[in-house]
Amino acid sequence: MAGSNPLERKLRREMAARKEAEKLLEQKSLELYEANQHLHSALKHLEVKSEADLAKFEFEEYVDTVLIEFGRTFLSTSLSDILISRFLEKLLGSSVVAEVALSFDSDAFDTDKVPNIRRRQFGSASLLNMISQTLHPVWHNHILTLPILLENEWIGGWAFAIQPNEIDQNFIANQMSLMVDLVNSALTRQRLSERQIELRKRAEESERSTREFVAMINHELRTPLNGVLGSAELLDKTALTSEQHDYLSNLRHGGELLRVIINDLLDYSKMNAGLMEIVPKTFSWVTLESAMRGIFTAKAQDKGLHYRIERQGEIPKLLWADVERIKQILVNLLGNAFKFTHQGEVSLTSQWHNDRLTLTVQDSGIGIPQQAMATLFEPFIQVDRTTTRSYEGSGLGLAICHNLVELMDGRIECHSQIDVGTKFIVQIPAPCSDKQTQTHQLKSQEAKASQSVLKLLVVDDIRMNQIIVSQMLKKMGIAHDICSNGLEAIAAVNEGQYDLIFMDCRMPMMDGYTATESLRQDGFQPPIVALTAGTTLEERERCLECGMNDILTKPYTAQDIELMLGKWLY
């Protein structure tokens, strides 16, 4: 070895290195081949999986297209036989679904629930026998059945014949369930729509019945009450003995109490029916104060109470608000104050600022318990402040006051202490009226000067009302004629001249609405004022629509008639 020359040693080293390189190359070639074989095998598997995924993707895309198309259609169109048939035909457009059938159960599915669907069976007749009453997807080999639900109740089913494929059955069932849910939702939505229409019809019928009842009861209660209070007012202006005055006072007190109760019951009925409306007009606060003084002064004297009405600051002469509703609120509050006060005083204080009228009714009465304050403004609630309940009333007054104040965009609050007294504070929007009017004094002088040349026509079918209004007009020195129905009124107008007509609305032969329309068509121009017991907005609108100029509601007073004449004739 030692004798070997350097050249031989170099050759041996190169041969050894070459063998190592060849060995390494062979090893790497083998590894590359094995890797290539693994890749080829993987590609084979990937190719098979992609074909299944492609079929799955195409089926899902088709289902989405159908859902979008018919989802929009079902939202805008009611389900019908034709629309269901179209939907089934669309389902057959997929390579997955070979046949489809739909069946409604004759006992469970009522056509009244979905009136546009008349047929019971659709699609392939061979699949109908496969449909069973089940609430979940069921597979029978290649047949899939699904339920039809209406408001979560089974009313029929679907059957789908599925083509042989490599798509998972659970995926197919989920996709077909989306299709079926779309129809189920459309059925439920349509049924709810039909039910809403039915409920709306019932509500409209109920509202119409309520309106008719309120109008009827208004007429039946207010008409005789007009006779009672009108007769009492006329009787008060005759010569009476002291004993007769006492009887008359009792009659008027009872009549006024009856009017308050009737008004409360009717107004509460109108509020519940949504018929109560606020009708603002120009009014004088001085006149309203005078009315409150006239209504309760005698009551204060009878009970030995000090009754005080005062103003804090200046109040415009004319305001714009619903004076009748303000009067109703004050009558209720002051009436309660006098009812529950046995000594001391009752006061009404008014203040006007920034177009709002603040009214404070305060008494030194027995007060309201703290536990009763929470339900104070609820209907039919009476605070029984004694063990024997010795206070009369309907229990509606404060509830009506609260509702009226809210309708006028105002607010009401109460403060009270037992054995100290109660204070109600009412704030109501009442802007200053900008209507141009003459002073009351000048207007009154002009009225008296012109009354003697007036000629009125009164149309009313009830004899008692004829007598009352006739006597009131006589005491004013105003000439007038009386008619009992619309036909007589038209004949009277054709024969004579009248400056104004007081027209009752409900009369036999021809009512006041028809008579007014006929007179206006014939060219009659003077004012026609409704003389009616009707107080609903619908009745008021009907009066104005037929050609009447204004409304005088029963029961009315001589002052009411005089104010109406002043409004339209002087």
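**Notebook: strands, cores and D504 in a predicted model**

I began at the hairpin of strand 3 and strand 4, where two residues lie between the strands and N141 takes a positive phi near 60°. I keep in mind throughout that this is a predicted model.

Entry 1, the antiparallel sheet. I followed strand 3 into strand 4 (residues 143-150) and found that three bridges join them, with the two strands running antiparallel. Within this pair I noted that H140 has I143 of strand 4 as its bridge partner, and that W139 stands opposite L144. Which strand does strand 4 pair with over eight bridges? I found strand 5 there, again in the antiparallel sense, and I picked out L146, which stands opposite W158 of strand 5. Strand 4 and strand 5 also form a hairpin, with two residues between them, and in that turn I read a positive phi of about 55° for E151. I then asked how many of the eight residues of strand 4 are buried; the count is seven, and I have written the strand down as mostly covered.

I then took the sheet as a whole, an open one in which five strands follow the order 2-1-5-4-3 with antiparallel pairing. Why is one side of strand 2 (121-123) and of strand 3 (138-140) left without a neighbour in the sheet? Both strands stand at the edges and each has a single partner strand, so nothing in the sheet adjoins the other side. Ignoring direction, I noted an average turn of 20° between neighbouring strands of this sheet. As for what packs here, helix 2 (residues 81-91) lies across strand 1 (97-104), strand 2 and strand 5 (153-162), and its course makes about 155° with strand 1.

Entry 2, the mixed sheet. I turned next to an open sheet of five strands whose order is 7-9-10-12-11 and whose pairing is mixed. Strand 7 (306-312) and strand 11 (411-417) hold the edges here, each with a single partner strand, so each has one side left without a neighbour in the sheet. The twist from one strand to the next averages 10°. Inside the sheet I looked at strand 10 (residues 356-363) and strand 12 (residues 421-429), which run antiparallel and are joined by eight bridges, with L357 standing opposite I428 of strand 12. Helix 5 (residues 285-303) packs on this sheet and touches strand 7, strand 9 (345-353) and strand 10, its direction making about 165° with that of strand 7.

Helix 7 (residues 397-407) I looked up separately: it lies across strand 11 and strand 12, running at about 140° to strand 11. Its buried residues include G397, L398, A399, I400 and C401, and also L404 and V405. After helix 7 comes D409, for which I noted a positive phi, near 60°.

Entry 3, the nonpolar cores. Which members of the largest nonpolar core touch the most others? Of its 45 residues, I found W285, M292, I326, I329 and L330 in that position. Helix 6 (residues 323-339) supplies the largest share of this core, eight residues. I followed L330 further and, leaving out residues up to four places away in sequence, I found that L330 touches W285, L288, M292, G335, L348, L359 and V361. Apart from this core lies another, of 38 residues, and I noted V63, V100, F171 and I172 among them.

Entry 4, D504. I looked up this residue because an unreviewed UniProt entry lists D504 under "modified residue: 4-aspartylphosphate". Where does D504 sit? I found D504 in the loop between strand 15 (500-503) and helix 11 (512-521). Is D504 buried or exposed? Its relative accessibility is 0%, so D504 counts as buried. Leaving aside neighbours within four places in sequence, I listed its contacts as V459, D460, D461, G512, L531, T532 and K554. I also noted V529, which is 25 residues from D504 in sequence and 8.5 Å away in space, C-alpha to C-alpha.

Entry 5, confidence. The protein averages a pLDDT of 80, and 79% of the residues score at least 70. Over residues 385-391 the pLDDT is below 50, and I noted 12 contacts in the model for this stretch beyond near neighbours in sequence. Residues 436-449 also have a pLDDT below 50, and there I noted five contacts beyond near neighbours in sequence.

Conventions: Residues numbered from 1 in each chain as written. Predicted model: local features only at pLDDT ≥ 70, side-chain atom pairs only at ≥ 80, totals over all residues. Heavy atoms only, no water. Pairing = 2+ DSSP bridges. Helix = DSSP H or I, 4+ residues; strand = E, 2+ residues; numbered from the N terminus. Axes fitted to C-alpha atoms, helices over the stretch in contact; angles between N-to-C directions. Contact = heavy atoms within 4.5 Å. UniProt positions renumbered as here; feature names shortened; annotations may be inferred. Buried < 20%, exposed > 50% of the residue type's maximum accessible area, 1.4 Å probe, protein only. Core = buried A, V, L, I, M, F, W, Y, C linked by side-chain atoms within 4.5 Å. pLDDT = per-residue confidence, 0-100.
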